[in-house]
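Got your viewer open? Let's take a walk through this protein, one selection at a time.

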Amino acid sequence: MTVVTTLRADEVVAEAESLSRAGVDVVAIGPCSVPFSSHAELPALIDRLAQKADVVHTHGVWEDIQYRCSVTCQRLRIPYIMRTCGSLDAWSLRVKPVRKLLYRTWRLDAMLRQSPSTYCNTECESEERANAVSNTYSL
């Protein structure tokens with residue numbers, strides 16, 4: 001198993017260090033730029049790692065890594081699971097709502113429509129995913 005994480009310049013992820021000590025292959029890429037934790041090497045890294053994967057499991061929805069995984073898995077026909085991790089619940093969508101509406105229109109709703117499997121934490125998230133699939137929005 002390989003775990004990929006994106007890091008900002010000042011960030012250290014204790015969970016990644018713990019997983020690495022437990023024998024999990026952890027790939028940390030950074031420093032990444034805000035607001036989407038983007039990195040120039042991310043597309044090539046995701047492409048290389050996805051080609052070795054049986055399935056890809058993403059956590060969260062607002063960063064470039066989830067988008068890159070989605071696009072790459074669709075292109076390579078690799079099954080993937082999106083775990084929304086509370087990102088689509090009502091509280092989260094009220095934080096920076098204009099930015100999130102723009103991102104949904106630009107990337108996220110297409111990712112949700114095309115995802116073969118999406119794990120939502122709450123009923124509210126499931127409803128927002130259904131809204132994305134039907135192209136309806138709520139603020």
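Keep in mind that you're looking at a predicted model.

**Stop 1: the largest pocket**

Start with the residues that line the largest pocket, and colour them by type: you'll get 24 nonpolar, 11 polar and nine charged. The pocket itself has a volume of about 1,500 Å³. Want to find its middle? Of the 44 lining residues, pick V4, H59, E63, I65 and Q66, which are the closest to the centre.

Now switch to a cartoon view and see who contributes. Elements giving two or more residues to this lining include β1 (2-6), α1 (14-21), α2 (42-50) and β3 (56-59). Carry on along the chain and you'll meet α3 (64-76), α4 (90-94) and α5 (97-114), which are also among them. Which element gives the largest share of the lining? That's β1, with five residues.

**Stop 2: salt bridges**

Side chains of opposite charge can pair when their charged atoms come close. How many salt bridges does a search of the whole structure find? It finds five, and we'll visit some of them.

Select D47 and R75. Their closest N and O atoms are 2.2 Å apart, and the two form a salt bridge. D47 sits in helix α2 and R75 in helix α3, 28 residues apart, so this pair links distant parts of the chain. R75 counts as exposed, because its relative accessibility is 51%.

Next, select R107 and D64. This is another salt bridge, with 2.9 Å between the closest N and O atoms. Here the link runs from R107 in helix α5 to D64 in helix α3, 43 residues apart. Are these two buried or exposed? Both R107 and D64 are buried. Add R68 to your selection, and you have a network of salt bridges linking D64, R68 and R107.

Now try R104 and E128, whose side chains meet in a salt bridge at 2.8 Å, N to O. Because R104 lies in helix α5 and E128 in helix α6 (residues 123-133), the pair ties together parts that are 24 residues apart in sequence. R104 counts as buried, with a relative accessibility of 3%, and E128 counts as buried too, at 7%.

**Stop 3: the cysteines**

Finish by showing C85 and C120. A search of the whole structure finds zero disulfides. Why is C85 not bonded to C120? The closest cysteine sulfur to that of C85 is the one in C120, and it is 10 Å away, so it is too far for a bond. C120 is in no disulfide either: its nearest cysteine sulfur, in C124, is 9.5 Å away. Turn on the surface to compare the two: C85 counts as partly exposed at 35% relative accessibility, while C120 counts as buried at 16%.

Conventions. Residues are numbered from 1 along each chain as its sequence is written. This is a predicted model: local features need pLDDT of at least 70, side-chain atom pairs count only at pLDDT 80 or more; totals for chains, interfaces and linings use all residues. Side-chain values use heavy atoms; hydrogens and water are left out. A disulfide is a pair of cysteine sulfur atoms within 2.5 Å. Buried means under 20% relative accessible area, exposed over 50%, partly exposed in between (1.4 Å probe, protein chains only). On a 1 Å grid over the protein atoms alone, a cavity is a set of points where a 1.4 Å probe fits but cannot get out, and a pocket is an open set with protein on both sides within 12 Å along at least five of seven lines; lining residues have an atom within 4 Å of a point. Grid points are joined across faces, edges and corners, and a volume is the space filled by probe spheres set on the points. Helices (H or I, at least four residues) and strands (E, at least two) are DSSP runs, numbered from the N terminus. Ala, Val, Leu, Ile, Met, Phe, Trp, Tyr, Cys and Pro count as nonpolar, Asp, Glu, Lys and Arg as charged, and the others, Gly among them, as polar. A salt bridge is a side-chain nitrogen of Lys or Arg within 4 Å of a carboxyl oxygen of Asp or Glu.
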